[in-house]
Amino acid sequence: MIRIRFDFPLANGLHARPASLLQQACRRFAVTVVFRNERNHHRADVVSALELVASSTLVHDPCSLEISGRQEKEAARALDAFLRRKLPHVDDDIPMPDAPQEGTPWLPPVFHEKGVHSFQGRTLAPGTGSARAEILHRARSLPKRFAAGEKDGKKELQLFEKACLEVETELKTTAAGARERNAAAILNAHLAMVADPGYRARIAGLIVKKKMPAGAAIEKVTALFARTMQRSSSVYLRERADDLKDIAARLGEKLYGRSSLPPPPRGPSSRIHKGQRPCGPLVHKGPRPSGPRVIVAAGLSPSELLALDRRRLRGLVLGDVSATSHSAILARSFAVPAVSLPAHELALINAGEELIVDGRRGLVIQKPGPGLKRYFRLEADLQRRLARRRAALKMRPAQTRDQRRIEIAANIGNAAELEPAWQNGAEAIGLFRSEVLFLERDAPPGEDEQYAVYSRAIRSAKGRAVIIRTLDVGGDKPLPYLALPAEDNPNLGYRAVRFYGEHSGLIRCQLRAILRAAVHGRLKVMVPMVTSLEEVRLVRNLLAEAATELRARQVPHTSNLEVGIMVETPAAALSLESLAKEADFFSVGSNDLLQYFLAVDRNHPKLEGLYDPLHPAFLRLLEGLAAGARSANRWLGICGEMAGNPEFLPLLVGAGFDGLSMAPQRIPAIKERLGELDGGECRNLLKRAGRCADNGEARRLLAEFNDRGNSAPIIRSSGADPIGLPHLGASALIAAEWVSLGSPSRTAGEAIRELCGLLELGGRVSAASALEEAVWKRETTFATDLGFGFALPHGKAVTVKACSIAFLRPRRPIRWSGKNSAPVRAVLLIAVPEHGGKTHLRLIAGLSRRLMDEGFRESLFAAAEAPTVLALINSAVAVG
Amino acid sequence: MKIVAVTACPTGIAHTYMAAEQLEKTARRLGHWIKVETQGAMGIENELSQEEINGADLAVFAADIAVQRQERFAGLKVIEVGVQEAIKHPEAVFGRLSG
């Protein structure tokens with residue numbers, strides 16, 4: 001028996017996904033593996049994912065795997081690699097909600113109008129939607145009678161097995177047809193639960209040995225597992241109990257049929273939520289709206305959510321459900337606004353009444369009046385325009401504020417990740433980890449198989465570059481067909497380019513596939529773990545041999561392929577100028593480079609604090625190697641995790657990287673942040689950070705830089721380009737797009753919302769609601785309608801990126817501060833950042849003074865077009 | 001008449017300067033000498049010197065928040081109005097001087 005001890009690395013605890021991956025990792029060997037949690041003394045056979053999940057394992061729990069059997073040595077090596085390399089990252093792409101809101105969020109005055117009734121709940125999925133309510137209820141429980149009709153354990157067991165099979169088939173079909181990656185993943189997790197040997201064996205045991213009806217057995221075993229999960233202090237794990245109940249409900253439906261299930265309880269729906277949630281299926285209560293609807297239910301399982309008609313679904317109001325539940329994840333994936341309310345409030349909603357679901361604020365509004373409906377229409381329109389802007393922004397070329405192009409690329413491991421990469425606006429594939437093709441199989445992929453994958457990637461790139469990293473495995477990522485010896489220190493051992501000489505056949509095969517695929521586009525190769533020029537020459541020789549072989553076979557291929565070096569050892573980092581003799585480009589693998597440079601294992605639970613890219617020496621290393629690449633006149637990229645973190649972006653821009661490659665979902669945020677940065681400022685920042693005494697000082701310096709408002713100079717012209725997006729480089733005080741003439745806004749609330757929205761659309765405010773709140777705070781101390789037909793709302797907020805003015809002239813004059821207030825014919829909103837420079841404030845002061853001039857006001861009332869308004873305001877600013 | 005004035009509002013972004021402008025324009029039209037100190041988001045600007053204050057006939061505070069460094073005006077007659085009033089009805093503010 002071999003024992004491997006480890007600290008459990010995942011923040012969400014041991015849930016279905018890591019459990020099933022651990023199973024997969026064990027299944028390849030003839031061994032028995034027992035999982036032990038040393039903190040709570042839970043023990044689970046790895047064969048049962050549910051037993052694993054029920055072990056209530058939390059992050060940093062001391063755990064161990066006990067491996068025994070014929071192949072225990074091989075299995076131990078593979079599992080050790082799995083625990084260190086794969087497990088810590090399996091949750092990386094779980095979509096998480098924004099930080100939970102603290103306290104009650106601020107609401108604009110229109111929400112406090114008479115007759116408006118709203119419930120404050122928690123956000124599950126953003127967005128707003130309105131429709132009539134449809135209420136769904138859950139049946140009390142599964143029948144306790146024998147499905148077979150008689151007390152025959154064997155027959156009952158057969159029916160149970162048949163029901164399991166039917167549910168499995170259903171799940172497989174739905175999962176195969178699911179277009180959403182999250183939906184498929186969740187359905188597969190459910191599939192694993194139905195197929196779970198631990199779950200099935202316990203139910204079968206009760207049916208056969210205790211002569212229990214299947215329904216009762218399912219309910220009992222489900223409750224047993226669910227209780228353990230619900231006791232867990234990980235919210236994420238507690239939510240998984242609902243998934244199990246979903247499975248139980250489906251099994252019950254298969255066993256007994258939907259019609260024979262007990263009816264939903266009478267009376268207020270709150271009653272059924274106390275204590276254990278029942279596991280029966282959903283039934284309707286009260287009238288069903290015929291058109292669009294908001295679904296109201298205490299709980300909704302993922303499969304129930306998937307079964308809803310999404311074309312007519314405008315929102316979800318759920319009971320006590322957390323933002324990490326599978327249902328909430330799906331709601332976010334499908335962009336359905338969703339809010340969770342406490343059970344007693346849920347019970348106050350009646351079937352058929354009109355609701356607005358405000359996912360952003362976590363609000364449910366009952367029977368909204370006309371004012372509020374208008375406000376939400378405005379908001380929905382704004383959200384649509386914002387989504388269009390974000391989509392357009394994703395696709396535009398990435399550049400800094402001073403218009404320096406930096407290629408933003410994606411890291412991928414297999415062909416399935418190509419589409420998400422392009423959809424997120426990737427401008428290239430900066431790292432294709434080819435080793436994924438080679439892992440977890442008994443023989444290496446052949447030339448044709450590899451050719452198919454590489455050419456699919458290059459074809460989908462449509463002219464964009466794809467960089468394939470040649471085989472990067474070693475003692476820690478063992479391949480059964482590549483007898484690499486086990487090592488004490490695999491990270492410093494016989495890995496990557498170091499074994500290419502001995503296994504040249506395998507590498508030549510890969511290079512042949514790459515040379516062939518390169519015919520279809522801009523394909524490049526990158527060599528991992530290089531420390532010397534000799535190693536690059538070896539790869540060049542192998543390439544030449546591969547080309548000769550293809551020539552002999554008369555197969556079409558490229559003869560001049562760009563060969564780059566992955567810079568991940570300090571030795572390489574300090575020799576770019578000499579390596580440039582054999583390398584066409586460089587890409588920094590910052591994860592390994594940092595690990596080797598600081599001598600810190602990045603997965604070591606006790607060394608987390610030491611693995612820090614902000615070590616000033618590491619920053620100097622980056623600065624130096626970038627200078628080396630420049631003087632050698634070579635393209636320099638970076639493809640480690642550092643590249644996808646907006647916090648570090650100014651440092652990388654400062655170093656002068658030509659390309660950054662990252663997980664696809666990080667691309668939009670990085671592109672947006674890049675547009676706010678100035679190359680010169682970033683260079684100075686990196687210089688100063690590199691001179692800091694320690695990480696802490698560098699971190700403070702960087703935080704200060706990142707928090708600072710945009711101090712861009714003012715360019716007195718429209719700040720927008722032809723597609724209606726702000727110039728990422730320009731920073732005008734006002735743009736034509738922020739001027740609304742003949743606006744439909746009828747109240748101060750609508751006008752303020754519209755103007756804040758225009759600034760958000762213009763990219764001047766990251767969250768319009770914070771500005772709206774600041775403006776209203778000012779407005780309630782003293783209304784800003786000062787006579788002369790003018791209102792001048794203004795506010796200061798951290799979400800304002802640069803001092804900005806938005807202008808609105810309503811179609812009909814607005815009674816700004818009450819029925820008796822003088823009509824307002826023009827509204828000028830001023831947004832000021834929390835930490836802005838004085839330059840802009842001085843301009844605003846000048847403009848304010850100018851508004852006291854009647855002639856100026858009259859020309860603003862009369863201006864027929866936005867450019868005229870722009871010119872007038874700019875002239876006032878120039879005089880001021 | 002020789003007048004010194006201070007304007008100040010809660011955010012100090014716009015109204016402070018609008019009030020200052022109105023007071024300056026109106027005072028000049030009425031034939032008074034005036035200097036207006038603004039206490040806004042940019043801090044104290046166009047600061048009144050002690051000599052100017054000492055030589056003034058009276059002071060006007062057009063403010064919705066407490067005026068800073070009030071001790072400078074000890075002994076001087078001060079007329080206090082809201083910022084709104086100074087913006088909307090500056091004549092009325094000066095009307096109080098004679099009244």
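**A parallel barrel and two cores**

User: Which residue in β15(A) stands opposite A:Asn411?

Analyst: Opposite A:Asn411 stands A:Leu431 in β15(A). Keep in mind that this is a predicted model.

User: What makes β14(A) and β15(A) count as a pair?

Analyst: Two strands pair if there are at least two bridges between them. Three bridges join β14(A) (residues 407-412) to β15(A) (residues 428-433), so they pass the cut-off. They run parallel.

User: How do you know that β21(A) pairs with β14(A) and with β20(A)?

Analyst: Same cut-off, at least two bridges. β14(A) and β21(A) have four, while β20(A) (residues 635-638) and β21(A) have two, so both count as pairs. Both pairings are parallel. For example, A:Ala410 has A:Met662 as its bridge partner in β21(A), and A:Ile638 has A:Leu660.

User: Why is the crossover from β20(A) to β21(A) called right-handed?

Analyst: The chain leaves β20(A), goes through helix α21 (residues 649-655) of chain A and arrives at β21(A). Point the strands away from you: the path over the helix runs clockwise, so this β-α-β crossover is right-handed.

User: Which strands make up the closed barrel, and how are they paired?

Analyst: Eight strands of chain A, running β14-β15-β16-β17-β18-β19-β20-β21, with parallel pairing. Neighbouring strands are turned by 25° against each other on average, direction ignored.

User: Which helices lie on those strands?

Analyst: Helix α14 (residues 447-461) of chain A is one of them: it packs on the sheet, touching β15, β16 and β17 of chain A, and its direction makes about 155° with that of β16(A). Another is helix α22 (residues 667-674) of chain A, which lies across β14 and β21 of chain A, at about 160° to β14(A).

User: What makes the residues of β21(A) buried rather than exposed?

Analyst: The cut-off for buried is 20 or more other C-beta atoms within 10 Å. A:Gly659 and A:Ser661 point one way and A:Leu660 and A:Met662 the other, yet all are buried, so each one meets that cut-off.

User: How do you know that A:Val53 belongs to a nonpolar core, and what touches it?

Analyst: A:Val53 is listed in the largest nonpolar core, of 104 residues, so it must be buried. Along with A:Leu79 and A:Val317, A:Val53 touches the most other members. Leaving aside neighbours within four places in sequence, its contacts include A:Leu14, A:Ala16, A:Met229 and A:Leu237. Helix α8 (residues 235-256) of chain A gives the most to this core, with nine residues. Another core lies apart from it, with 99 residues, among them A:Leu511 and A:Phe585.

Key
Residues are numbered from 1 along each chain as its sequence is written. Chains are lettered from A and ligands numbered from 1 in the order in which they are written. This is a predicted model: local features need pLDDT of at least 70, side-chain atom pairs count only at pLDDT 80 or more; totals for chains, interfaces and linings use all residues. A residue is buried if 20 or more other C-beta atoms lie within 10 Å of its own, exposed if 12 or fewer, and partly exposed in between; C-beta atoms are placed from the backbone. Axes are lines fitted to C-alpha atoms, for helices over the stretch in contact, and angles run from 0 to 180 degrees between N-to-C directions. Two residues are in contact if their C-beta atoms, placed from the backbone, lie within 7 Å. A nonpolar core is a set of buried Ala, Val, Leu, Ile, Met, Phe, Trp, Tyr and Cys residues joined through C-beta atoms within 7 Å.
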